[in-house]
Amino acid sequence: MAKILDDISRTFGEYLLLPRLTRRDQHIDRIDLSAPLSRSLNGAPGSLFINIPIVSACMQAVSGVDLAVALARQGGMSMIFCSQSIESQVEMVQKVKAHKAGFVVSGANIQPDATLQAVLELMTRSGHSTIPVTLDGSSEGEFLGLITDQDFWEFEDDLQNLVKDHMTPKAEVIFGVEGISLREANRLLHRHKKDCLPILTAEGHLSALVFKKDYVDHQKHPLELLDEGKRLRVGAAINTHDYQERVPALMAAGADALCFDSSDGFTEFQMDGLAWIRAQYGSEVVIGGGNVVSAEGFDYLAQSGLVDFIKVGIGGGSICITREQKGIGRGQASALLEVVARRDAYFEETGIYIPICSDGGLANDTQVVMALAMGADFVMMGRYFAMTEESPTSKISINGQMYKPYWGEGTARAQNWQRYSEGMSSRKMMFEEGVDAFVPLIGSASEVLETTLHKLKSTMMNLGSDSLKTFTDQAIITLVSEQSIVESGTSNVFKFSGNRDVDESDWGN
């Protein structure tokens, strides 16, 4: 007969944290939120860290180029979805990697014999007001000069005039030579009071551009997640069907981490994929596996020695119906607590530390905090980011409120049938494991993250913690009763919004 566990499948909302001693020397601005994304041995640092403990989900409605850039600017990482062609996923990764901190590959260039009308159209299309002029009109062509919106007047000059007659020629342009440091490039901008500095190769070809506005912007984003080449970091999802073609293309595109996108990672299919990738790339690539909800699932992936981080969670996402459709899953808090306990025991046994990602089941900021307190190294979220300006879906107005479409990778809309074919020759989807819905638009990713991270730091202060590691070590967690949950909210008060007179007859109602 089936084995029945004694414990209850619990969610984050059933727990509270007890405060610990807050020290005088603590300051919220000095709290370290960095988290490991790669395995480590005997306490030595791993090869990849993120600066905030948040990644975005491998979903069509979530992790597009704009969100990947916005999240990396804040210190986190996106996992570009794999429910698309290899070519389109590679293109998305390349676009994120093209965002180089300080040094920017020019995305709008023109030839000297082009007309001012062509320049104007290029400026309108690209949003750039400074356009490099190269011999062949490419981003790597021989540099001849610059033309800006200050070099001609749209309604005064003849727009059939040629660029070469209005541009600032190379001889009059302040530029840097490839190999110059970003600090020195910014010094040149400052010294010569310029907004843009072209960077040229030794042969005189355009290599990159450095902008004053990017320097200012970088100062506002000190946690930017960058690789060794000062490019933004980005992850990419993979599946168990075409990894032999998809992984090499993603690695060539510069993906910083790979992550198997599966509702259930306790499978030989995923193990085959992990083994193949390691055989091809060794320790060069960071790979995430999962999802699992038990110590047994953790051991299967961890003991292989192939996985860097493991995702925990089945059926807890806001648009996931795996539990309803298949009767498989577990309350996210119970799953996380068991896997974290096994992860810690595994570390004691082997000296190998494997980061844990809590994926799904996070309804609000408080539950993000609770997941990290319970031992998750970082969390993966979908709905949270689907509601932001930068998510890849279009806005829609419903009764005067702005919404964005949001659907799961287990829906027919996601067109990701290969994950659900289960080895069958037919690609027909027999049932869905997700729903198609709308979520309210709530603002930019930077705005919502600012609030979430401030709440997290504030809670860490309450527990006397300066890092996520000490936060977990010092956390004391208590179960709450149904009445305690009621007590946690507002009660026995009259709530109202806006400015209006309150009559004493309202009191007590």
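Modeller: A residue here is buried if its relative accessible area is under 20%, exposed if over 50%, and partly exposed in between. Keep in mind that this is a predicted model.

Colleague: Thanks! Is Arg-330 buried or exposed?

Modeller: The relative accessible area of Arg-330 is 11%. The cut-off for buried is under 20%, so Arg-330 is buried.

Colleague: Which residue forms a salt bridge with Arg-330?

Modeller: A search of the whole structure finds 25 salt bridges. In the one with Arg-330, the closest N and O atoms are 3.0 Å apart. The partner sits in the segment before E1, while Arg-330 lies in the loop between helices H9 (322-326) and H10 (332-350), 323 residues apart. With a relative accessible area of 40%, this partner is partly exposed, and it is Asp-7.

Colleague: Nice. Which residue meets Glu-224 in a salt bridge?

Modeller: The N to O distance in that pair is 2.2 Å, and the side chain meeting Glu-224 belongs to Arg-73. Glu-224 is in the loop between helix H5 (212-220) and strand E13 (235-238), and its partner is 151 residues apart in helix H1 (residues 65-74). Glu-224 is buried at a relative accessible area of 9%. The partner counts as buried too, at 18% relative accessibility, and is Arg-73.

Colleague: And how far apart are the closest N and O atoms of Asp-308 and Arg-278?

Modeller: Asp-308 counts as buried at 5% relative accessibility, and Arg-278 counts as buried at 14%. The two form a salt bridge in which the closest N and O atoms are separated by 2.6 Å.

Colleague: Where do Asp-308 and Arg-278 lie along the chain?

Modeller: Asp-308 and Arg-278 form a salt bridge. The pair links distant parts of the chain, 30 residues apart: Asp-308 is in the loop between helix H8 (295-302) and strand E16 (309-312), and Arg-278 is in helix H7 (residues 268-281).

Colleague: H8 has come up now, so how many of its residues are buried?

Modeller: Among the buried residues of H8 are Phe-298, Asp-299 and Leu-301. Their cover includes H7, strand E15 (287-292), E16, H10 and strand E18 (356-359). H8 is mostly covered, and the buried count is 6 of its 8 residues.

Colleague: Let's turn to the sheet of 3 strands. Which strands stand at its edges?

Modeller: The sheet is open, with mixed pairing and the order E10-E11-E12. An edge strand has a single partner strand, so one side of it is left without a neighbour in the sheet; that applies to E10 (176-177) and E12 (206-211).

Colleague: Which helix packs on the sheet?

Modeller: Within the sheet, strand E11 (residues 196-200) runs antiparallel to E12, and 5 bridges join them. Leu-200 stands opposite Leu-206 in E12. The helix touches E10, E11 and E12, its direction makes about 65 degrees with that of E12, and it is H4 (residues 182-192).

Colleague: How far does helix H13 reach from its first C-alpha to its last?

Modeller: H13 covers residues 445-462, which is 18 residues. At 1.5 Å a residue, 26 Å is expected, and the reach is close to that, at 26 Å.

Colleague: What do the buried residues of H13 pack against?

Modeller: Leu-449, Leu-453, Leu-456 and Met-460 are among the buried residues of this helix. Just after H13, Gly-464 takes a positive phi of about 65 degrees. The buried residues pack against E1, strand E5 (54-56), H1, helix H11 (365-373), helix H12 (383-386) and helix H14 (468-474).

Colleague: Is Pro-19 buried or exposed?

Modeller: Pro-19 is in the loop between strand E1 (15-17) and strand E2 (35-36). Leaving aside neighbours within four places in sequence, Pro-19 is in contact with Asn-462 and Leu-463. Its relative accessibility is 62%. The cut-off for exposed is over 50%, so Pro-19 counts as exposed.

Colleague: Last one: how far apart in space are Ile-477 and Leu-18, C-alpha to C-alpha?

Modeller: Ile-477 is in strand E23 (residues 477-479) and counts as partly exposed at 31% relative accessibility. Beyond four places in sequence, Ile-477 touches residues including Tyr-15, Leu-16 and Leu-17. Ile-477 and Leu-18 are 459 residues apart in sequence, yet their C-alpha separation is 6.2 Å.

Technical notes: Residues are numbered from 1 along each chain as its sequence is written. This is a predicted model: local features need pLDDT of at least 70, side-chain atom pairs count only at pLDDT 80 or more; totals for chains, interfaces and linings use all residues. Side-chain values use heavy atoms; hydrogens and water are left out. Two strands pair if DSSP finds at least two bridges between them. Helices (H or I, at least four residues) and strands (E, at least two) are DSSP runs, numbered from the N terminus. Contact means heavy atoms within 4.5 Å. Axes are lines fitted to C-alpha atoms, for helices over the stretch in contact, and angles run from 0 to 180 degrees between N-to-C directions. Buried means under 20% relative accessible area, exposed over 50%, partly exposed in between (1.4 Å probe, protein chains only). A salt bridge is a side-chain nitrogen of Lys or Arg within 4 Å of a carboxyl oxygen of Asp or Glu. The expected span of a helix is 1.5 Å times one less than its number of residues.
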